[in-house]
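The exercises below ask you to read a two-part structural picture step by step. Keep the sequence and the coordinates open while you work through each solution.

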Amino acid sequence: MSLLAPMLKPAPVVKAGELSRELVQAYSAALGDPEWLADRRLEAFRVFRDTPAPNRHDELWRRVDLSLFKLDQILAAVDPVTNGLSIDLRPPLSAETLQAQGVIFTTFEDAARRHTELMRRYFMTECVKVTDTYFAALHGVFVHGGVVLYVPAGVKIEAPFRVFTRMRADQRTAFGHTLVVLEEGAQAILIEDYATDGVPAPDAPQAMYNGAVEIILHKGAQLDYVSIQDWARNVYNFTTERARVREGATLHWVIGGLGSKFTKSLIEADLIEPHGTALLSGVYFADTRQQLHYDTQQNHIAPACKSDLLYKAALRDEARTVWRGNIRVFPGAQKTDAYQANRNLQLSKHSRADSIPGLEIEADDVRCTHGSTVGTLEEEPIFYLRSRGIPCNEARRLVIEGFFAPVIERIPLEETRERLLAEIAKKIG
Amino acid sequence: MSAWFEIRDLHVKVAESDREIIKGLNLSMNEGEIHAIMGPNGSGKSTLAYTIAGHPGYEVTEGDILFKGQSLLEMEPDERSRFGVFLAFQYPVAISGVTVANFLRTAINARIKAEAAAKNGGVVPHDVKGIPIPVFTKQLREALQLLKVDQSFAGRYLNDGFSGGEKKRAEILQMAMLKPELAILDETDSGLDIDALRIVSEGVNTLHDQNPKMGVLVITHYQRLLNYIKPQYVHVMIDGRIVESGGPELALHLEEKGYDWLKEPEATQ
């Protein structure tokens, strides 16, 4: 009996401290929220208060060990003054040119004040919702900083919009939000780079980034979205990211995972009208005792849509990665074409990669396939490269880069590709 | 005093096993010579090629391999390559995600770095520059022309999805770019149709004409490659040893008679 007891009453994975309505109101007032946002925070707080903390009975958190994560201490440190992010927006065209076309590319706060209608319509309404998860609710309470990109119907911008989001090395909390809305036939590229400014002291306290990404693509819109995460090693990174893809729209979504102590990212593409396409790619590399968890979901809600996911991971030292992917085909979503693959390259025997593909198919005329592999670095390619004069460490680097290449090539900006390759090379050592 | 390239009483076994494959092999070559080693399947020809290149799957238990007065056995596989040894693989390995051009540039730059390090007390100087891109591009273009392959070849992933003929051409392309002093061709003719065989052989011959000091060791089961790449010396390898050596006429004799006449005395011993 005593052995079963902990299973009957699972301990929460995390413990939140005492958050109160008054505290949330004070936070809102300190940030000078417009009324609509202040209301949203309180609504999020109500949801958060009623949402149980993640526990290991929940499939989503079953493989996660957060026993050392001190959420209550971190939340006690939430401060509207210090939890802001540094957001560096680099538009591809001059502000005047973009404005003339009706494009909005601005910070979350600016959009919250000046583009109220847009924000009230899209901010955490149809994409990421506060009811999604514990961390989505918490994000709704404390959201602060981030970026909004809006491209009106028919406007096509070929050069990338870029965002550099920085946490300070001594920062304890951050709650960045990304909202992208592309109207009918619009086209854009958005590249986000998340990192910590400077290096926290080795004994720096735990920090948390709790972000959300919302992407709404209207009919025939096309978006290339890239996000590279390179937080410092004291950061626990929780993100809820979702795209809603309407008729004939196309999303190319690449995530890069390099930093953080711990990451749990929920990444979801909802194909809600026919003939939408979602191409989801991931490249992540975990070292030391990093834990990177990605939960991906390809939801085929409408018929005749296509989704293709390829997530590739390398692991070394005692790192751990978990990919849990699901393709869900809703009743009536005939002619679905869905694929998912997760490839893991284990560079040390003490690292561990879990790869859990899943299919839930409720329509009969579909093509759904998946593949997942966990492998080690093979000797023959290394010997072959060495036989051409390439030293062992460089041969390893080439093979590992080659492993990631098919994903990295999907990034539409050379500078970002180079940055990712350089970080991968650093990790290989 | 050793010959330019010399194998002395070489014994090789499969690593982590007791299976001996090469059982006291001797061979010597002078600079610029073309030698052929012929032998039936299972005689140890490929093991010999891999051992010269330093494959970790084989272990030398006795003897030595000397090149330009130095023992190759003391060198890592990449050092052997930079020292001038090149092995054209029987089964070239696919390197997914690495383009032919990227790979070749890395290999050439590894040589430049190693040379710079040698002059700098073993440390690669920080300011060492790789091969200038225009120089590299020109060399690569010429090498591609030599092997009669399309320029787009350079942008393909190395050996990944290559046909048998493309793989062999890629090997000789690498040889052209890396300019070895000793080239070992391991069953380069296998899997080639007559046109590809001609192109690959002409490639090797052109490289030998360009650098007459390059030694070539052709390892082959069949005589047909030797119609194109003409050796001065032919050796017959059976059961891990050289059992017969002679001039080019030996290859023709083998073509006619097979290997059995050489095996028989072995069997009666």
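**Exercise 1. Decide whether Asp317(A) is buried, partly exposed or exposed, then place it in chain A and describe its backbone.**

Solution. The model is predicted, and the first step is to count neighbours: Asp317(A) has 14 other C-beta atoms within 10 Å, and because a residue counts as partly exposed between the limits of 12 or fewer and 20 or more, Asp317(A) is partly exposed. The second step is to find its place, which is the loop between strand 15 (306-315) and strand 16 (320-329) of chain A. The third step is the backbone, where phi of Asp317(A) is near 55 degrees, a positive value in a residue other than glycine.

**Exercise 2. Treat Glu187(B) in the manner of the previous exercise, and state whether it is buried or exposed.**

Solution. Begin with the backbone: phi of Glu187(B) is near 50 degrees, which is again a positive value in a residue that is not glycine. Next, locate Glu187(B) in the loop that runs between strand 7 (182-186) and helix 6 (194-210) of chain B. Finally, count its surroundings: with 21 other C-beta atoms within 10 Å, and the limit for burial set at 20 or more, Glu187(B) is therefore buried.

**Exercise 3. Work out how helix 3 and helix 8 of chain A are oriented to each other, and which residues join them.**

Solution. Start from the geometry: helix 3 (residues 35-50) and helix 8 (residues 134-142) of chain A pack at an angle of about 150 degrees, with their axes 7 Å apart. Angles over 145 degrees count as roughly antiparallel, so helix 3 of chain A and helix 8 of chain A are roughly antiparallel to each other. Their crossing is left-handed. Turning to the residues, Arg40(A), Arg41(A), Ala44(A), Phe45(A), Val47(A) and Phe48(A) in helix 3 of chain A meet Ala137(A), Leu138(A), Gly140(A) and Val141(A) in helix 8 of chain A. Sorted by class, the residues of this contact comprise seven nonpolar, one polar and two charged.

**Exercise 4. Establish how many residues of helix 8 of chain A are buried, and what covers them.**

Solution. Helix 8 of chain A is mostly covered, with nine of its nine residues buried; among them are Tyr134(A), Phe135(A), His139(A) and Phe142(A). The cover over the buried residues of helix 8 of chain A includes helix 2 (21-31), helix 3, strand 8 (207-217) and strand 10 (235-245) of chain A.

**Exercise 5. Repeat the helix analysis for helix 4 and helix 5 of chain B.**

Solution. Helix 4 (residues 133-146) and helix 5 (residues 164-178) of chain B pack at an angle of about 140 degrees, and their axes are 9 Å apart. Because this angle falls neither over 145 degrees nor in the range 65 to 115, helix 4 of chain B and helix 5 of chain B are oblique to each other. The crossing of helix 4 of chain B and helix 5 of chain B is right-handed. Helix 4 of chain B contributes Gln139(B), Leu140(B), Ala143(B), Leu144(B) and Leu146(B) to the contact, and helix 5 of chain B contributes Leu173(B), Ala176(B) and Met177(B). This contact between helix 4 and helix 5 of chain B has seven nonpolar residues, one polar residue and no charged residues.

**Exercise 6. Describe where Tyr259(B) sits and what it touches.**

Solution. Tyr259(B) is in the loop between helix 7 (249-257) and helix 8 (260-268) of chain B, and it is partly exposed, with 19 other C-beta atoms within 10 Å. Beyond its neighbours within four places in sequence, Tyr259(B) is in contact with Gly39(B), Pro40(B), Ile238(B) and Leu254(B). For Pro40(B), the separation in sequence is 219 residues, whereas the C-alpha to C-alpha distance to Tyr259(B) is 6.9 Å.

**Exercise 7. Characterise the side of chain A that touches chain B.**

Solution. First, 22 residues of chain A are in contact with 21 residues of chain B. The elements giving two or more residues to this side of chain A are helix 9 (379-386) and helix 10 (392-408) of chain A, and helix 10 of chain A gives the most, with ten residues. By class, the residues on this side of chain A are 13 nonpolar, three polar and six charged.

Terms used. Residues numbered from 1 in each chain as written. Chains lettered and ligands numbered in written order. Predicted model: local features only at pLDDT ≥ 70, side-chain atom pairs only at ≥ 80, totals over all residues. Axes fitted to C-alpha atoms, helices over the stretch in contact; angles between N-to-C directions. Helix = DSSP H or I, 4+ residues; strand = E, 2+ residues; numbered from the N terminus. Parallel < 35°, antiparallel > 145°, perpendicular 65-115°, else oblique. Left-handed = near helix turned anticlockwise from the far one by under 90°. Contact = placed C-beta atoms within 7 Å. Nonpolar A, V, L, I, M, F, W, Y, C, P; charged D, E, K, R; others polar.
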